[in-house]
Amino acid sequence: MLKQSLLVAFICLFLFASVTADAQTPAATNNYNSWAAWFNNVKFSKKWGLNNDIQLRVGESWNQGALLLVRPGVNYYLKPNQTITAGYAFTLSLNDLPSDQPRIGEHRIWEQYIFTHKIFGAALQHRARLEQRFMQRPADADFFAQRARYFFRGIIPLTQPTSKPFAEGLFASVQNELFFNIQNKEKLNGKVFDQNRAYASVGYRFSAKYDLELGYMYQFIERSKGVPNTNNHIAQIAFYTRL
């Protein structure tokens, strides 16, 4: 298991390095954004629970790139370290638009599998997610697409030995997520690869139920041929609850 985890991490880091090198071309544009997020898990029984996250994403001003994401889901716990989830999500553009221009929106049905374990004493989470996307675009007819995502996240306690259960104190986190268009990519960027999100943060665990963290995310978005790729530099504050 350790060798497999190291291999997966190495592959993801290699892919991210390749994407980053491409992102530094002169054609890429740079944006500076702020995201606030609440990630919530509620366990109702040994097998069932609720997963929900709400995110507010803002561009350089409230009139540019403001977006609300709401993503609830139902958890089924296969094992203490394995969870499957199915849910619904929607996004809504909040920034000011001309009166005759409809807002950009998206509705999603999504499914995911999460596997957690420890590596060198640090908690590591792997998440595979599949999304069915019902896209709404002002200048085009609505369309359907599917996307696959792979995410891993590690949490490293900073104020206690990693050999002990981490219930309270400072921690650092690192994560990366890869996005792939697997259906109707011609309506998106015309490519299988969609985007990459790399993130690092420092946080505080108040108890086994509550985390608060502040971090930096680098998001690279692959655009259509002839359109400059996008580098988003994001300051994120996130609150995690496990009830």
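Start on the outside of this predicted model by selecting Trp38, Ile54, Phe206, Tyr210, Leu212, Leu214, Ile237, Phe239 and Leu243, which together make a nonpolar surface patch of about 780 Å². Colour the strands next, and you will find that the elements giving two or more residues to this patch are strand 10, residues 210-221, and strand 11, residues 230-242. Strand 10 provides the largest share, with three residues.

Now pick out a single member of the patch, phenylalanine 239, which lies in strand 11. Its relative accessibility is 31%, and because partly exposed covers the range between under 20% and over 50%, phenylalanine 239 counts as partly exposed.

Step back and show the whole chain as a cartoon. One helix and eleven strands make up its list of elements, and when you follow the sequence from its start, the helix comes before the strands, in the pattern α-β-β-β-β-β-β-β-β-β-β-β. The chain has 243 residues, of which 43% count as buried.

For the next stop, show the second largest pocket, whose volume is about 1,200 Å³. Of the 43 residues that line this pocket, select Leu67, Arg137, Gln195, Ile221 and Arg223, since these are the closest to its centre. If you then colour the lining by element, strand 1, residues 29-43, gives the largest share, with five residues. Colouring by class instead shows a mixed lining, with 13 nonpolar, 16 polar and 14 charged residues.

The last part of the tour turns to charged side chains, for the structure holds 14 salt bridges. Select arginine 133 and glutamate 106, whose side chains meet in a salt bridge with an N to O distance of 2.6 Å. Arginine 133 belongs to strand 6, residues 122-136, while glutamate 106 belongs to strand 5, residues 105-119, so this pair ties together parts that are 27 residues apart in sequence. Are these two partners buried or exposed? Arginine 133 has a relative accessibility of 6% and therefore counts as buried, and glutamate 106, at 5%, counts as buried too.

Stay with these strands and select glutamate 131 and arginine 108, whose side chains meet in a salt bridge at 3.2 Å, N to O. This pair also links distant parts of the chain, with glutamate 131 in strand 6 and arginine 108 in strand 5, 23 residues apart. Glutamate 131 counts as buried because its relative accessibility is 1%, and arginine 108 counts as buried at 9%.

Move on to aspartate 194 and arginine 147, where the side chains again meet in a salt bridge, with 3.2 Å from N to O. Aspartate 194 sits in strand 9, residues 193-207, and arginine 147 in strand 7, residues 143-157, so the pair ties together parts that are 47 residues apart in sequence. At 9% relative accessibility aspartate 194 counts as buried, and arginine 147 is buried as well, with a relative accessible area of 4%.

To finish, select Glu106, Arg108, Arg127, Glu131, Arg133, Arg147, Arg149, Glu177 and Asp194 at once, because salt bridges that share partners join these residues into one network.

Key
Residues numbered from 1 in each chain as written. Predicted model: local features only at pLDDT ≥ 70, side-chain atom pairs only at ≥ 80, totals over all residues. Heavy atoms only, no water. Patch = residues over 30% accessible without salt bridge, like charges linked within 9 Å, V, L, I, M, F, W, Y side chains within 5 Å. Areas by Shrake-Rupley, 256 points an atom, 1.4 Å probe, with all protein chains shown as cover. Salt bridge = Lys/Arg side-chain N within 4 Å of Asp/Glu carboxyl O. Helix = DSSP H or I, 4+ residues; strand = E, 2+ residues; numbered from the N terminus. Buried < 20%, exposed > 50% of the residue type's maximum accessible area, 1.4 Å probe, protein only. 1 Å grid on protein atoms, 1.4 Å probe; cavity = no way out; pocket = protein on both sides within 12 Å on 5 of 7 lines; lining within 4 Å. Points joined across faces, edges and corners; volume = space filled by probe spheres on them. Nonpolar A, V, L, I, M, F, W, Y, C, P; charged D, E, K, R; others polar.
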